[in-house]
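Let's take a walk through this chain, one piece at a time. Keep the structure open beside you and follow along.

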Amino acid sequence: MSRIKVSKSPSSPEKIEENEDLLTEILLHLGAKTLIRFKCVSKRWSTIISSPYFCHRHVFRHANITKVSSIFLESGEDDDNKNRYFNNHNDIKPLSLENGSHGSSSPFDSIEIHPKDLAYIVQSCNGLLLCRILHHHKNRAFLPIESFFVCNPTTECFNFLPDPYKALDADSHESSPWLYMNFAFDPSTSSSAYVAICVWKFKAVKNSSRSRFETMVYSSTDEAEPGSWRPCGSPLMAPAKFELHNGVYFNGSVHWIGFVDPDSYAKMSVSLRFDFKELRLRDDNMPPLPDLDYFYIPAAACGHLNLVGFSSPERSNMIRVYQMAMDYSRWVLLHTLDLSPMYWPNDFIASVKVLHLIQDNEDDCSGMSLVLVVNYNVVVFRLKDYTFKRIYSRYVPWNESAESPPISFEHIESLVQL
């Protein structure tokens, strides 16, 4: 009696596994953090996900997805007063906005840092971080005072920037200029190229309240002068007391928005920006800050440049959210919030501190959320429906009595390769 051979047709998962093009297309739809975990599935999956071609396609596919997955906070402590996650070195961990868990990796995990060196995050931009290391050396004549590097916390890759002090001439060194470092990365135009901006502020001009600001740029893809800083644009005269901290990249420029003499009655609203198309520092006549009695945090979210204004860093119960008009003519008031009546949970709030304004799951302006510290709880407050959830408890800022708000940096998951 002859036997009938029954051929076993491959199942759908087997068909996908056999077809590398189909598998690649499916993987391209997944998030960066998920893909990092999926490297452990097999050597084949790891090879596909790790390839520069796949990472390049993934970055472009997800370039317009700007949902913030986690934030790096200035500092904090757990119940045992030991887990300070924004203080120094490998203790700097991201805090998930979904469930309040801490990430396992730090931007400084792969870098050798002297125990006495100080490490900080300077700026975040579309999934990358600019970090600074302040070196502790007794003899600084032969060693750099500070180092800067750009890193991707998702992939744990990094690149050190060339020493900006070496690009200064002797005359500049004698005048002891103040250094400000920022950078920009736009995944919609490049899957890996970034540009760093070094702004030097020189001593105030004699009998004047203004200083000379000069700029240099470093491009990670500069073929003409690789690995070097290039002077750019003409010097700009601006208020000497204006600090270029917390730059925000938006619409082809890094923006600095703030006050001169914020602690005096004579404080003045100032805005500067570095234009990447023209490669120069500009002092365009942007509209002044809406209310000089408020403190402000600028943030780019939902395709706009936004401002979060609050009454005081210590007790920011009164909050206003503004959005810059598309023609840069005025600040448009979107929300006015009085958080005094809010309870968490069943206790009247003693204090509110503003950390950040982020984009959540939606694409329009109603898809923004405030990240707040309410009674030592990190809270995500949705502006669409005024609902909130606690994601972390017992948060204590490193410098709780400071007159400025706690510093936070957003993190967007990305497969950017440096």
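**A tour of the sheets and cores**

Start with an open sheet of 4 strands, in the order β3-β4-β5-β6, where the pairing is antiparallel. At its edges sit β3 (118-125) and β6 (157-160), each of which pairs on one side only. Go from one strand to the next and you'll find a twist that averages 25 degrees. Bear in mind as you look that this is a predicted model. As for what holds such an arrangement together, strands of a sheet pair through backbone hydrogen bonds, either parallel or antiparallel.

Now zoom in on β4 and β5. These two are antiparallel and share 6 bridges. One spot to look for is L134, whose bridge partner in β5 is E146.

While you're in this part of the chain, have a look at two cysteines, C131 and C151. How far is the sulfur of C131 from the closest cysteine sulfur? That neighbour is in C151, and the distance is 4.1 Å, which is too far for a bond. A disulfide needs the two sulfur atoms within 2.5 Å, so C151 is in no disulfide either, with the sulfur of C131 as its nearest at 4.1 Å. By this rule, the disulfide count comes to 0. Are these cysteines buried or exposed? C131 has 0% relative accessibility and counts as buried, and C151 is buried too, with a relative accessible area of 2%.

Next, the nonpolar cores. The largest one has 42 residues, and L161, F183 and W256 are the ones that touch the most other members. Which elements give two or more residues to this core? They are β4 (128-134), β5 (146-152), β7 (178-184), β8 (195-201), β9 (210-219), β10 (230-239), β12 and β13. Take L161 as an example: leaving aside residues up to four places away in sequence, L161 touches L130, F148, F149, V150, M181, Y194, A196, Y218 and W229. Apart from this core lies another, of 20 residues, including A299, V308, L337 and V354.

Let's follow β13 (residues 268-275), one of the strands just named. This strand is mostly covered, with 7 of its 8 residues buried. Strand β12 (residues 253-260) runs antiparallel to β13, and 8 bridges join the two. Within that pairing, H255 has R273 in β13 as its bridge partner. β13 also pairs with β14 (residues 280-282), again in the antiparallel sense, over 3 bridges. Here F274 is matched with L281 in β14. The hairpin of β13 and β14 has 4 residues between the strands, and in this hairpin L279 takes a positive phi near 50 degrees.

Further along the chain there's another open sheet of 4 strands, ordered β15-β16-β17-β18 and paired antiparallel. Which strands form its edges? Those are β15 (295-301) and β18 (331-338), which each pair on one side only. Ignoring direction, neighbouring strands of this sheet are turned by 20 degrees against each other on average. In the middle of that order, β16 (residues 304-310) and β17 (residues 318-324) run antiparallel and are joined by 5 bridges. Look for L307 there: it stands opposite Y322 in β17.

Finally, jump back to residues 20-58, where UniProt, in an unreviewed entry, places the feature "domain: F-box". Over this stretch the chain is 77% helix and 0% strand. The C-alpha atoms at the ends of residues 20-58 are 16 Å apart.

Note on methods: Residues numbered from 1 in each chain as written. Predicted model: local features only at pLDDT ≥ 70, side-chain atom pairs only at ≥ 80, totals over all residues. Heavy atoms only, no water. Pairing = 2+ DSSP bridges. Axes fitted to C-alpha atoms, helices over the stretch in contact; angles between N-to-C directions. Buried < 20%, exposed > 50% of the residue type's maximum accessible area, 1.4 Å probe, protein only. UniProt positions renumbered as here; feature names shortened; annotations may be inferred. Core = buried A, V, L, I, M, F, W, Y, C linked by side-chain atoms within 4.5 Å. Contact = heavy atoms within 4.5 Å.
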